[in-house]
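User: I am new to this structure and would like to understand the terms used to describe it. Please explain the reasoning behind each one.

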Amino acid sequence: MTYLAKPKLHHPGLQVNKLGYNRRDYEGAVSTLCAGCGHDSISAAIVQACFNINIEPHKVAKLSGIGCSSKSPTYFLGGSHGFNTVHGRMPSVLTGANMANRDLIYLGVSGDGDSASIGLGQFVHSMRRGVNMTYIVMNNGVYGLTKGQFSATADQGSRSKKGVVNHETPVDLAALALQLGATFVARSFSGDKAQLVPLIEAALEHQGAAFIDVISPCVTFNNHAGSTKSYDYVREHNDAVNRIDFFIPGKEITADYAPGTVQEVTQHDGSVLRLRKLNEEYDVHDRLAAMNHSQKHHAMGDIVTGLLFIDSNASDLHAHLNTVDTPLNALDEQALCPGALALEKINASLR
């Protein structure tokens, strides 16, 4: 993979967070994607989110598959653990890593081709199992590396750059995530940093399967009239269900909001997601309503963005399997091989 390293010298006046890191500490190599690619905006949002919530870069494991989107982890969190899997297999590799070391923060980055086609089965099972991760799909509706064919998420009736009309029904990954039991589901737009950054912050703090579908226009093959994933189309059809802000609470933070203007969602770790609703009737805790709302507006040609659903009492795969608190990769031989008597007891329980 070709990449360009950034200078290691940092301006001494750069702002630092509570851990002493500046924003440059969360960056990676210089991007080789097309100028104006929405994926670079998502990478920048990830950098900003990690800086804002004081994440230690070496505590993050970033994984990806194949495609333009899967090149993106090279461009952020250069000091984190990284693994680039084969096409569509990122979720299972991430699941295995998560089972071995639960102490890391897992960030899976994929594309619409990587997740909605060859990797669809992998996506499905990572959602239904509740793997503790943030799963971001950079969704541009095309195969950018192979010259702009429609992907499985391309909307029916949209036109390619060559004028070809897509007649196939799209795969809606956000709707699938809702149906499969993901406990944090959101959709955003790469050009809306004010919305995307706090969504990523909240997803990284969430305990369970957090999924964000980010519409990310391909400036080379899918940013023309007739495309439903172009910059102009998304801006004209963006139906935001809420305005979002995120903060980690502390003693110094106080808040007093008028009734009906804010919804607070407290997560297991004590962090709070504040939702300033444009539509006061929208309930982020109702999974079925979220599915209906998303599908209703999709039929109208609107793209619903914002936090679609959150389960504030979510648990993850480790809780389902009742694994030990110590990461499995840190257990010694005695714990991993308790002896013949323990094995006999386990076998007896299965007879």
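User: What makes S7 and strand S8 count as paired, and in which sense do they pair?

Analyst: The model is a predicted one, and the pairing is judged within it. Two strands pair if DSSP finds at least two bridges between them. S7 and strand S8 (residues 209-215) have six bridges, in the parallel sense, so the requirement of at least two is met. Phe189 stands opposite Ile215 in S8.

User: Why is the crossover from S7 to S8 called right-handed?

Analyst: The chain leaves S7, passes through helix H7 (residues 193-205) and arrives at S8, a β-α-β crossover that is right-handed. The term applies because, with the strands pointing away from the viewer, the path from the first strand over the helix to the second runs clockwise.

User: How do you know that S7 and strand S13 pair, and in which sense?

Analyst: Four bridges link S7 to strand S13 (residues 303-310), in the antiparallel sense. The threshold is at least two bridges, so this is a pair. The bridge partner of Phe184 in S13 is Ile310.

User: Why is strand S7 described as mostly covered?

Analyst: A residue is buried when its relative accessible area is under 20%. In S7 (residues 184-189), six of six residues are buried, and therefore each of them falls under that 20% limit. Phe184, Ala186 and Ser188 point one way, while Val185, Arg187 and Phe189 point the other way, and all are buried.

User: How many residues of strand S3 are buried, and which strands does S3 pair with?

Analyst: Six of the seven residues of S3 (residues 105-111) are buried, and the strand is mostly covered. S1 and S3 run parallel and are joined by five bridges, with Ser64 opposite Val109 in S3. Five bridges also join S3 to strand S4 (residues 133-139), again parallel, and Gly108 stands opposite Tyr135 in S4.

User: Where is confidence lowest, and where is it highest?

Analyst: The mean pLDDT of the protein is 85, with 87% of its residues at 70 or more. Confidence is highest in strand S1 (residues 60-64), at a mean of 97, and lowest in strand S12 (residues 272-277), at 48. Over residues 251-262 the pLDDT is below 50, and this stretch has 13 contacts beyond near neighbours in sequence. Residues 274-278 also stay under 50, and the model gives them 31 contacts beyond four places in sequence.

Key:
Residues are numbered from 1 along each chain as its sequence is written. This is a predicted model: local features need pLDDT of at least 70, side-chain atom pairs count only at pLDDT 80 or more; totals for chains, interfaces and linings use all residues. Side-chain values use heavy atoms; hydrogens and water are left out. pLDDT is the predictor's confidence in each residue, from 0 to 100. Helices (H or I, at least four residues) and strands (E, at least two) are DSSP runs, numbered from the N terminus. Contact means heavy atoms within 4.5 Å. Buried means under 20% relative accessible area, exposed over 50%, partly exposed in between (1.4 Å probe, protein chains only).
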